[in-house]
Amino acid sequence: PEETLRENKMGTMPENKLLLSMAVPMMISMLVQALYNIVDSIFVSRICEDALTAVSMAFPLQNIIISIAVGFGVGINALLSRALGQKNAERVNQVAVNGLLLSYLLVLVAGLVGIRAYMRAQTDIESIVEYGITYLNICVLCSFGVFIEITFERFLQATGRTIYSMITQLVGAITNIILDPILIFGLLGFPKMGIAGAAWATVIGQCLGAVVAVILNHCKNPEIHLRLRHIRPSGKLMGEITAISIPSIIMSCISSLTCFVMNLILITFSSTAVAVFGVYFKLQSFVFMPVFGLNNGMVPIIAYNYGAQKPERIYKTIRLGMVYAVAIMVIGLLVFQLIPKELLLMFDA
């Protein structure tokens, strides 16, 4: 069986080859996510500087939405694995749907109530506030796409099918990249939508990624089959998912909080300072995200070999991971130091 082969590979394949086979699909997924954010800002910068500043200010809240989706994904996965181990198909359905419902409703209510206050907390420049509200209203209202996409990706990852998880993210990101100029500038007969076009491109990409993730789960992931007729909201189950998810959500939200506080400081100098910081933050994610993917690829290898009591394989995997991570960071450092002007000019600086 595939699971046995995967376990044997974890304990026997040469460490370097194993790490690359596990980590590269996740690194590509993370790179695609970073590209998503960068392309949005490149096209929005062509509208005007205030629009780019608004997207920079919206970025921490968008990240919090993704952090909540990822955090609840951790909680769902933990309970899902337990239910799969118990061969309890009905509980698998209940966990998945209750987790999705809880996370989306939480973001929807908090987002739609707090978006205006969130933008006003950062600036009183009316045009930036209105751009930000327009952009975030669409992203929050249609955030069910990102929740379904991330949750179903976690199902694929939980059963070792990381290549399908990568395909899901590629579909979403490529859709966003294609639609951005079409919807923002009104190409190919579409109406010119400006910053709302950027938001719609993002959520359409997420929704299409969600559809692909659901289809891949249905066709390629026989362990997990959701049946809607078995679904009932359960407060007890939602509480269990939340208890497991909160630490992961808090950890993921810290960088968003840092970004929000920096925006508050920088707006006292000028809105341009906020726009530039937003550009930098998205560019640096292009360096950091592959390292996070590398980390995600290392964890199951270390966990398996810890359980198999093979310490040498653990140490070698960690050493290789550190070498690759440092190499990625050094390349990023050199790019930032050697061609900063070219990087900024991509955003119409």
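At what angle do helix α10 and α11 pack, and how far apart are their axes? In this predicted model, α10 (residues 271-307) packs against α11 at about 175 degrees, with the two axes 10 Å apart. The angle is over 145 degrees, the cut-off for roughly antiparallel, so α10 counts as roughly antiparallel to α11. The contact of α10 with α11 has 18 nonpolar residues, five polar ones and one charged one. Two packed helices are described by the angle between their axes and the distance between the axes.

**Overall fold**

The protein has twelve helices and zero strands. Along the sequence, the pattern reads α-α-α-α-α-α-α-α-α-α-α-α. The protein has 349 residues, and 50% of them count as buried.

**Salt bridges**

How many salt bridges does the structure hold? There are five. Side chains of opposite charge can pair when their charged atoms come close. Three of the pairs are set out below, with the N to O distance and the relative accessible area of each partner.

| Acidic residue | Basic residue | N to O distance |
|---|---|---|
| Glu15 (13%) | Lys316 (38%) | 3.9 Å |
| Glu126 (41%) | Arg120 (36%) | 2.9 Å |
| Glu240 (24%) | Lys236 (65%) | 3.4 Å |

Take Glu15 and Lys316, whose closest N and O atoms are 3.9 Å apart. This pair links distant parts of the chain. Glu15 sits in helix α2 (residues 15-44), Lys316 in helix α11, and 301 residues separate them. Is Glu15 buried or exposed? Its relative accessible area is 13%, under the 20% limit, so Glu15 is buried. Lys316, at 38%, counts as partly exposed. The pair also belongs to a wider set: Glu15, Arg313 and Lys316 are linked in a network of salt bridges.

The pair of Glu240 and Lys236 is local. Both residues lie in helix α9 (residues 235-266). They are four residues apart, about one turn of the helix. Their side chains meet at 3.4 Å, N to O. Glu240 is partly exposed at 24%. Lys236 has a relative accessible area of 65%, over the 50% limit, so Lys236 is exposed.

In the remaining pair of the table, Glu126 bridges to Arg120 with the closest N and O atoms 2.9 Å apart. Glu126 is partly exposed at 41%. Arg120 is partly exposed too, at 36%.

**A nonpolar patch**

Which residues make the nonpolar surface patch of about 620 Å²? They are Val326, Val330, Ile331, Leu334, Val335, Leu338 and Ile339. Ile339 is placed in the loop between α11 (311-338) and α12 (340-345). Its relative accessible area is 37%. Patch residues need over 30%, so Ile339 passes that cut-off while counting as partly exposed.

**A loop residue with positive phi**

Where is Leu188 found? It is in the loop between α7 (162-185) and α8 (195-220). Its phi is near 55 degrees, a positive value in a residue other than glycine. Leu188 has 72% relative accessibility and counts as exposed.

How values were computed. Residues numbered from 1 in each chain as written. Predicted model: local features only at pLDDT ≥ 70, side-chain atom pairs only at ≥ 80, totals over all residues. Heavy atoms only, no water. Patch = residues over 30% accessible without salt bridge, like charges linked within 9 Å, V, L, I, M, F, W, Y side chains within 5 Å. Areas by Shrake-Rupley, 256 points an atom, 1.4 Å probe, with all protein chains shown as cover. Salt bridge = Lys/Arg side-chain N within 4 Å of Asp/Glu carboxyl O. Helix = DSSP H or I, 4+ residues; strand = E, 2+ residues; numbered from the N terminus. Buried < 20%, exposed > 50% of the residue type's maximum accessible area, 1.4 Å probe, protein only. Axes fitted to C-alpha atoms, helices over the stretch in contact; angles between N-to-C directions. Parallel < 35°, antiparallel > 145°, perpendicular 65-115°, else oblique. Nonpolar A, V, L, I, M, F, W, Y, C, P; charged D, E, K, R; others polar.
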